[in-house]
Amino acid sequence: MSAPAQTVPVVLAALGGEYMESALIVRWLVAIGDRVSAGAPLVVVETAKASAEVEATVDGVVAAIRVEAGAEVEVGAVLAELAVEAAMPVPSTAGSASSDRPRESTGAPAAAGARPLEPRPAEHPAAERRRVSPAARRRARELGIDAGGLAGSGPLGRVLLRDVESAAREAMAARRRSRVAPPPADYRRAMATHMARAAAAPQFSVSMDVDWSALERAREAVRALDVAASPNDMVVHAVSRVLARSPEMNAWCRDGVVERVAAVNVGVAIATPGGLAVPVVRGADRLGLAAIAAETARLGRAARTGDLAPDDVLGATFTVSNLAPYGVSEFRAVVSPPQAAILAVPAATDVLALDGGRVVVRPVTRLTVTADHRAVDGAQVARFLRRLRRALERYGVDSGAPENSED
Amino acid sequence: MTRMRYAEALNRALHEEMARDERVCVIGEDVGIYGGVFKVTKGLRERFGDLRVRDTPISEQAMTGLAIGAAMVGRRPVLEIMYIDFLTLCLDQLVNQASIVHYIWAGQASLPFVLRTQGGAGAGAAAQHSKSLDALVAHVPGLKVVAPATPADASGLLVAAIRDPNPVVFLEHKLLYNTTGEVPEGDHVVPIGQAHVAREGTDITIVASSKMTLDALAAAETLAAEGIDAEVVDLRTLRPLDRETIARSVRKTNRALVVNEGWTTGGFGAELSAVIMEDAFDWLDGPVRRLGTADRPIPYSLPLEQAAVPDAAAITRAARLTLAG
């Protein structure tokens with residue numbers, strides 16, 4: 001007989017970062033009575049921005065499931081209970097990361113326990129080496145599946161091609177199911193809550209006209225280099241360099257406490273069919289233009305298909321919102337808490353200017369930074385804008401921004 | 001296209017090649033006056049004379065030597081060995097002379113020589129007249145070995161063999177002579193060394209040649225009724241083997257059954273199995289299965305002969321087992 005069991009709760013953690021207050025229960029991966037081991041995925045949840053699995057952190061048996069698939073539950077809610085043997089050390093919760101986990105200043109997301117829905121090699125001891133047909137092994141390698149972890153339908157339990165194909169189909173179907181975007185109403189509600197919180201911050205805006213000629217020249221240079229980088233990638237490129245030299249702008253402000261963040265994680269606002277998504281280019285100041293462009297392209301695809309993982313949307317330290325493609329001449333964006341500031345990039349407008357006594361035509365963009373006054377003041381924002389203008393007006397594909405500053 | 005029997009297709013090819021090239025001559029037992037026991041050489045002696053169509057005594061070793069000598073001095077002989085069972089008598093001439101001439105004279109000599117023979121069981125011809133010895137000749141470098149399954153391939157490959165500058169062993173099957181098929185008109189040549197997919201399928205590759213190709217095609221129809229979509233690769237040439245066509249098919253179907261009418265142990269099926277393992281291992285979803293004749297002399301009794309030698313029913317069973325393996 002096993003020792004008397006005690007139960008520990010599986011709790012919904014804040015997987016989705018600052019936007020997340022609740023999550024949709026998409027699908028249970030276990031049933032009552034199932035024996036699970038630590039690390040085993042228990043349930044697929046969908047937050048406003050990403051799909052994730054909640055994993056068990058202890059070995060045990062599923063004793064109760066508290067919420068049905070399709071339900072929306074708040075962070076901190078008990079999703080299930082796991083029965084563990086009394087002799088085992090029992091942590092406070094059996095679910096994934098606790099929601100009060102302190103945020104690290106490196107900008108690393110507090111997303112332990114949540115992970116993107118990728119096929120993952122199952123762990124099995126080498127001693128239990130399974131029979132796998134060569135074709136199944138090859139196909140599994142192509143699909144990123146560990147064939148040895150599958151149940152084989154061939155003679156002596158040999159894993160066959162059809163077993164791999166069917167596992168791949170199931171994984172795809174699971175991805176599709178979990179990818180079902182939350183109903184727009186839910187998403188809008190999450191946005192509304194977040195924006196209301198944003199509106200509570202004392203925000204102010206500072207604008208500056210920037211000569212866009214260098215950026216337009218750079219576009220041609222980029223085309224010649226066969227790099228698929230958009231003008232916005234160049235802005236992110238330049239912004240990340242300037243942020244690295246302007247730590248007061250690369251900060252989080254929570255409950256009036258300002259925290260400068262070492263990592264430069266630039267959020268890029270993307271309009272998707274499901275609404276606004278703000279995936280993050282992590283460590284942008286250390287990425288070259290091509291790498292930034294590749295990452296924004298990947299994030300854009302993921303945002304449009306609903307495939308953004310928690311790591312893709314967490315930990316932004318600054319956001320760039322670009323409405324240039326719409327021909328907008330000027331706009332102010334709303335700061336996204338806990339970030340300190342956001343940059344609004346409208347379209348460039350041709351203006352007449354004097355250049356050494358000659359009248360010339362120049363493309364000019366009116367950049368606007370909106371900031372949380374609890375984190376930064378007007379002079380700091382103005383200095384940031386001046387550095388950014390200098391960087392953009394002398395923009396080079398290689399450097400992103402000149403290192404020397406004028407202040 | 002003209003519909004004709006396998007034997008007629010061979011006969012027409014011989015007529016055309018002898019008319020096209022006066023160096024082409026025919027040597028063998030009963031090939032002249034009698035026109036061949038399977039009528040493949042019918043009408044040749046009447047048309048081309050007894051100098052170019054030579055009836056010989058029953059002396060396989062001597063007539064093989066005669067043919068090889070004729071080839072060495074510029075003729076293009078087509079030798080008929082009536083039964084493959086008596087090919088053993090020719091092996092010294094074939095293996096120690098014909099196959100190495102081109103090599104030992106460093107390419108300065110060539111040997112345009114075709115050895116036609118027929119084998120196979122199914123006629124109640126007993127242990128001395130029913131063998132399939134494909135593996136014996138396919139083992140030897142310097143020989144080309146073809147084993148056509150259809151009248152069209154028989155005709156096209158015989159023309160290619162006669163025009164080839166070096167020895168070609170041409171394997172016919174006694175049960176194929178009366179099968180019929182469409183044969184293209186004109187200068188119809190089937191290149192040596194090219195297999196072809198006789199039936200496309202997705203579930204299993206059956207590799208066969210000669211009569212086994214027809215049995216495999218019949219088996220594929222039975223399998224189709226069971227929902228198994230078999231692909232049949234007809235080798236046509238055993239040496240040089242068209243490994244690419246075999247591998248391409250197995251990479252598609254992931255399963256392979258190899259069929260050869262010769263004895264199973266050390267037979268040509270073993271070669272095919274090894275080739276598949278070498279070229280398509282990572283695409284195999286189960287072991288390659290080999291089907292050949294039981295390792296014993298071919299029985300005279302028809303029911304026992306049928307039990308010993310693969311046929312469409314045996315191929316069907318083997319294909320099911322391959323898919324279950």
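Let me start with strand β13 of chain B, residues 256-263, which in this predicted model pairs with β14(B) in the parallel sense over four bridges. If you want one pair of residues to locate that pairing, take Leu257(B), whose bridge partner in β14(B) is Arg289(B).

These two strands belong to an open sheet of five strands in chain B, and reading across it the order is β9-β11-β10-β13-β14, with mixed pairing. The edges of the sheet are β9, residues 196-199, and β14, residues 289-293, each of which pairs on one side only. Neighbouring strands here are turned against each other by 25 degrees on average, if direction is ignored. Packed on this sheet is helix α8 of chain B, residues 210-225, which touches β9, β10, β11 and β13 of chain B, and whose direction makes about 170 degrees with that of β11(B).

Now to the pairings of β11(B). As a reminder, strands of a sheet pair through backbone hydrogen bonds, either parallel or antiparallel. With β9(B), strand β11(B) runs antiparallel, and three bridges join the two; in that pairing His196(B) stands opposite Asp234(B). With β10(B), on the other hand, β11(B) pairs in the parallel sense over five bridges, and there Ile204(B) stands opposite Ala230(B).

How many residues of β11(B) are buried? Five of the five are, so this strand is largely enclosed by the rest of the structure. In a regular strand the side chains alternate between the two faces of the sheet. In β11(B), Ala230(B), Val232(B) and Asp234(B) point one way, while Glu231(B) and Val233(B) point the other way, and all of them are buried.

Let me turn next to a pair of helices in chain B. Helix α9, residues 243-253, and helix α10, residues 268-280, pack at an angle of about 65 degrees, with their axes 9 Å apart, and that angle makes α9(B) roughly perpendicular to α10(B). The crossing in which α9(B) passes α10(B) is right-handed. From α9(B) the contact is made by Arg243(B), Ile246(B), Ala247(B), Val250(B) and Arg251(B), and from α10(B) by Leu272(B), Val275(B), Ile276(B), Glu278(B), Asp279(B) and Ala280(B). Sorted by character, the residues of this contact divide into seven nonpolar, no polar and four charged.

Finally, some details of the backbone. Most residues other than glycine have a negative phi, and most peptide bonds are trans. Where, then, are the cis peptide bonds that I would like to point out? One joins Pro337(A) and Pro338(A), with omega about 5 degrees, and Pro338(A) lies in the loop between β16 and β17 of chain A. Another is the peptide bond from Arg239(B) to Pro240(B), with omega near 0 degrees, and Pro240(B) has its place in the loop between β12 and α9 of chain B, which brings us back to the helix that packs with α10(B).

As for phi, Ala126(B) has a positive value, near 70 degrees, although this residue is not a glycine, and Ala126(B) lies in the loop between β5 and α6 of chain B. Ser210(B), also not a glycine, has a positive phi of about 50 degrees, and Ser210(B) is found in helix α8 of chain B, the helix that packs on the sheet where I began. Is Ser210(B) buried or exposed? Ser210(B) is buried, with a relative accessible area of 10%.

Terms used. Residues numbered from 1 in each chain as written. Chains lettered and ligands numbered in written order. Predicted model: local features only at pLDDT ≥ 70, side-chain atom pairs only at ≥ 80, totals over all residues. Heavy atoms only, no water. Axes fitted to C-alpha atoms, helices over the stretch in contact; angles between N-to-C directions. Parallel < 35°, antiparallel > 145°, perpendicular 65-115°, else oblique. Left-handed = near helix turned anticlockwise from the far one by under 90°. Contact = heavy atoms within 4.5 Å. Nonpolar A, V, L, I, M, F, W, Y, C, P; charged D, E, K, R; others polar. Pairing = 2+ DSSP bridges. Buried < 20%, exposed > 50% of the residue type's maximum accessible area, 1.4 Å probe, protein only.
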